[in-house]
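Here are my notes on the model you sent, set out as numbered points so that each can be checked against the coordinates. Please keep in mind throughout that this is a predicted model.

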Amino acid sequence: MLSLRLKSGEYFTVGEDVVVQVFRQKGDSIEVAVTAPREVTILRGELLEVTEKRPEGLREKDYKRRSEVAHNAKRMENIERKRTERAAACRQVADILDKMESNAPQLQGEIAAIRQQMTVFQ
């Protein structure tokens, strides 16, 4: 299977009679123009798959390149690391609040308010 990455305006040919041109990219979708002889049938994949099996060799819709998978994995590691660091910081603050509460009972109302606000960060 040939895999191409094209920019708007670029095109490729199939044989001598078929030309496919990318003419608009919008978000994660593209629009293409296909020039082919009238006797060549052109169907969208979902229409073809209503009556026939999906052609072999095609990637699945949710296919991601290795670089994209690696990027997403690294991003998830960073998110998990930050979550772990935030949880550790919240535990440290909770320990400090416990000590303050036992040493200054008159601050119980303020300490309870701080504990309530901390639940947003956990």
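1. Three strands form an open sheet in the order 1-2-3, and their pairing is antiparallel. Strand 1 and strand 3 are the edge strands, each of them pairing on one side only. From one strand to the next, the twist averages 25 degrees.

2. On one side of the sheet, strand 1 and strand 2 run antiparallel and are joined by four bridges. Two pairs can be used to check the register here: Phe12 stands opposite Val20 of strand 2, and Thr13 has Val19, also in strand 2, as its bridge partner. As a reminder for anyone looking at neighbouring positions, side chains in a regular strand alternate between the two faces of the sheet.

3. The hairpin made by strand 1 and strand 2 has three residues between the strands, and within this hairpin Gly15 takes a positive phi near 65 degrees. Asp17 also belongs to the loop between strand 1 and strand 2. If contacts with residues up to four places away in sequence are set aside, Asp17 touches Thr35, Ala36 and Pro37. For one of these, Ala36, the C-alpha atom is separated from that of Asp17 by 5.8 Å, although the two residues are 19 residues apart along the chain.

4. The pairing of strand 2 with strand 3 is likewise antiparallel, and seven bridges join the two. Val22 stands opposite Val32 of strand 3, while Gln25 has Ile30, again in strand 3, as its bridge partner. In the hairpin that connects strand 2 and strand 3, there are two residues between the strands, and Gly27 takes a positive phi near 65 degrees.

5. Which residues lie nearest the centre of the largest pocket? They are Leu4, Phe12, Ile30, Val32 and Leu58, out of a lining of 37 residues. Two or more lining residues are given by each of strand 1 (11–14), strand 2 (18–26), strand 3 (29–35) and helix 1 (45–51). Strand 3 supplies the largest share, with five residues. Several residues named in the earlier points therefore return here, and a reader may wish to view the sheet and the pocket together, since Phe12, Ile30 and Val32 are among those nearest the pocket centre.

6. The volume of this largest pocket is about 2200 Å³. What is the make-up of its lining by class? The lining has 18 nonpolar residues, 13 charged residues and six polar residues, so a description of the pocket ought to mention each of these classes.

7. Away from the sheet, Leu97 has its place in helix 2, which covers residues 66–103. Is Leu97 buried or exposed? Its relative accessibility is 4%, and because the cut-off for a buried residue is under 20%, Leu97 counts as buried. Leaving out residues up to four places away in sequence, Leu97 touches Ile111, Ile114, Arg115 and Met118. A further distance that can be checked is that between the C-alpha atoms of Leu97 and Leu107, which are 10 residues apart along the chain and are separated by 9.9 Å.

Note on methods. Residues are numbered from 1 along each chain as its sequence is written. This is a predicted model: local features need pLDDT of at least 70, side-chain atom pairs count only at pLDDT 80 or more; totals for chains, interfaces and linings use all residues. Side-chain values use heavy atoms; hydrogens and water are left out. On a 1 Å grid over the protein atoms alone, a cavity is a set of points where a 1.4 Å probe fits but cannot get out, and a pocket is an open set with protein on both sides within 12 Å along at least five of seven lines; lining residues have an atom within 4 Å of a point. Grid points are joined across faces, edges and corners, and a volume is the space filled by probe spheres set on the points. Ala, Val, Leu, Ile, Met, Phe, Trp, Tyr, Cys and Pro count as nonpolar, Asp, Glu, Lys and Arg as charged, and the others, Gly among them, as polar. Two strands pair if DSSP finds at least two bridges between them. Axes are lines fitted to C-alpha atoms, for helices over the stretch in contact, and angles run from 0 to 180 degrees between N-to-C directions. Buried means under 20% relative accessible area, exposed over 50%, partly exposed in between (1.4 Å probe, protein chains only). Contact means heavy atoms within 4.5 Å.
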